[in-house]
Amino acid sequence: MHLPSVTANGKGRARRAAKGRTAEAVARAGFVGRGVIYLLIGALALRIAFSDGGGRQADRGGAVAELADRPFGNILLWLLGIALAGMALWRLSEVLFGQAGPDGHKPGKRALSGARFLFYVFVSYSVLAYAAGDEGSGSGASDRQTKDVTAKVLDWPAGQWLVAAAGIGVIIAGVWIAGRALMRKFHKRLRLSEMPRRMRQLTDVLGIAGGVARGTVFAVAGGFALTAALQHEPGEAKGMDNTLRSFTETGFGPWLLALIAVGLVAFGLFSWVNARWRRV
């Protein structure tokens, strides 16, 4: 058998495996895991809006610690970490074979899937490490990590420009996320024709509210990073927890944070909708 033929057959089998039922189940489990993270972050943010949050931080680490305190928490953490690892593998399959849809093979789409793959590798590893006993992996404060990284980069040659560029990039990403949610771009990723009418209506509410809230948090965090660059002050950069807390410092008091928190909960529920109705 010729080598090109063997290679083609191997690629064909890999592509079929990436689009098979097992891969689909792995992807849907990943959306369930993402939903759990955002539901917990939203609940923690809502608690912070009207109290001290019980000492928890409204970020991934706080969500992991919150879940660990539940009955059978360690088992739940293992399941969550495995589900998020499944999301990472699915994003990797999109890098290799393209996303679902007619434009899924475009280089830009694959590059975006690659960034998501790296992100979910990091998140799943941190959750699994926490479940295995390394509490520093899962519960590290996003604010402290953000400030440490910002301080290191600012000390590099042209570091101020790099931090500014990163801040602008995050602002653009936040606006892009919110804008796509408002335009209901998520419709093309869902099997809307199979949904009951009320489910479609609920999906629109969750998708728009969740996307706008998530995009707003990204954009504000990017603004803080840009401020840190302009002032050459790493302390101005904020992780998710301090970004969320900053909403209470506006003229709306805790109500703006409460609104954002409800939006993040909506995004968590929207992730579960994706777990059931997403085209994968």
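Phe 72 sits out in the open in this predicted model: its relative accessible area is 66%, over the 50% cut-off, so Phe 72 counts as exposed. The residue belongs to the loop between α3 and α4. Its backbone is a bit unusual too, with a positive phi near 60° in a residue other than glycine. A second case turns up at Arg 184, where phi is again positive and near 60°. That residue is in the loop between α8 (159–182) and α9, and with a relative accessible area of 38% Arg 184 is partly exposed.

Stepping back to the overall fold, the protein is built from eleven helices and zero strands. Of its 280 residues, 44% count as buried. Taking contacts between residues at least 6 apart in sequence, 72% join residues at least 24 apart. The protein exposes about 14,400 Å², and carbon and sulfur atoms account for 66% of that.

Helix α4 picks up after the Phe 72 loop, covering residues 73–97. Its 25 residues reach 36 Å from the first C-alpha to the last, close to the 36 Å expected at 1.5 Å a residue. Right after α4 comes Gly 98, which has a positive phi near 90°.

As for the interior, the largest nonpolar core holds 46 residues, and those touching the most other members are Leu 77, Leu 84, Val 127, Leu 244, Leu 257 and Leu 264. Two or more residues each come from α2, α3 (60–68), α4, α5 (107–131), α9 (197–231) and α11. Helix α11 gives the largest share, with eleven residues. Apart from this core lies another, made of five residues, including Leu 154, Val 163, Ala 164 and Ala 229. Nonpolar side chains tend to be buried together in soluble globular proteins. Back in the main core, Leu 264 shows what the packing looks like from one residue: neighbours within four places aside, Leu 264 is in contact with Tyr 38, Ile 41, Gly 42, Ala 213, Arg 214 and Leu 244.

Some nonpolar side chains are on the outside, though. Leu 46, Phe 50, Phe 252, Trp 255 and Val 262 make up a surface patch with about 580 Å² of accessible area together. Both α2 (21–50) and α11 (254–277) supply at least two residues of this patch, and these two helices also give residues to the largest core. Trp 255, placed in α11, has a relative accessible area of 60% and is therefore exposed.

Turning to charged pairs, the structure holds seven salt bridges. One of them pairs Glu 24 with Arg 28, the closest N and O atoms being 3.0 Å apart. Both residues lie in helix α2, four residues apart, or about one turn. Glu 24 is partly exposed at 33% relative accessibility, whereas Arg 28 is buried at 13%.

Arg 47, Glu 66 and Arg 70 are linked in a salt-bridge network. Glu 66 and Arg 47 come within 3.0 Å at their closest N and O atoms, and this pair ties helix α3 to helix α2 across 19 residues of sequence. The salt bridge between Arg 70 and Glu 66 has its closest N and O atoms 3.5 Å apart. Glu 66 is buried, with a relative accessible area of 10%. Its two partners are partly exposed, Arg 47 at 32% and Arg 70 at 42%.

Methods:
Residues numbered from 1 in each chain as written. Predicted model: local features only at pLDDT ≥ 70, side-chain atom pairs only at ≥ 80, totals over all residues. Heavy atoms only, no water. Patch = residues over 30% accessible without salt bridge, like charges linked within 9 Å, V, L, I, M, F, W, Y side chains within 5 Å. Areas by Shrake-Rupley, 256 points an atom, 1.4 Å probe, with all protein chains shown as cover. Salt bridge = Lys/Arg side-chain N within 4 Å of Asp/Glu carboxyl O. Buried < 20%, exposed > 50% of the residue type's maximum accessible area, 1.4 Å probe, protein only. Expected span 1.5 Å × (residues − 1). Core = buried A, V, L, I, M, F, W, Y, C linked by side-chain atoms within 4.5 Å. Contact = heavy atoms within 4.5 Å.
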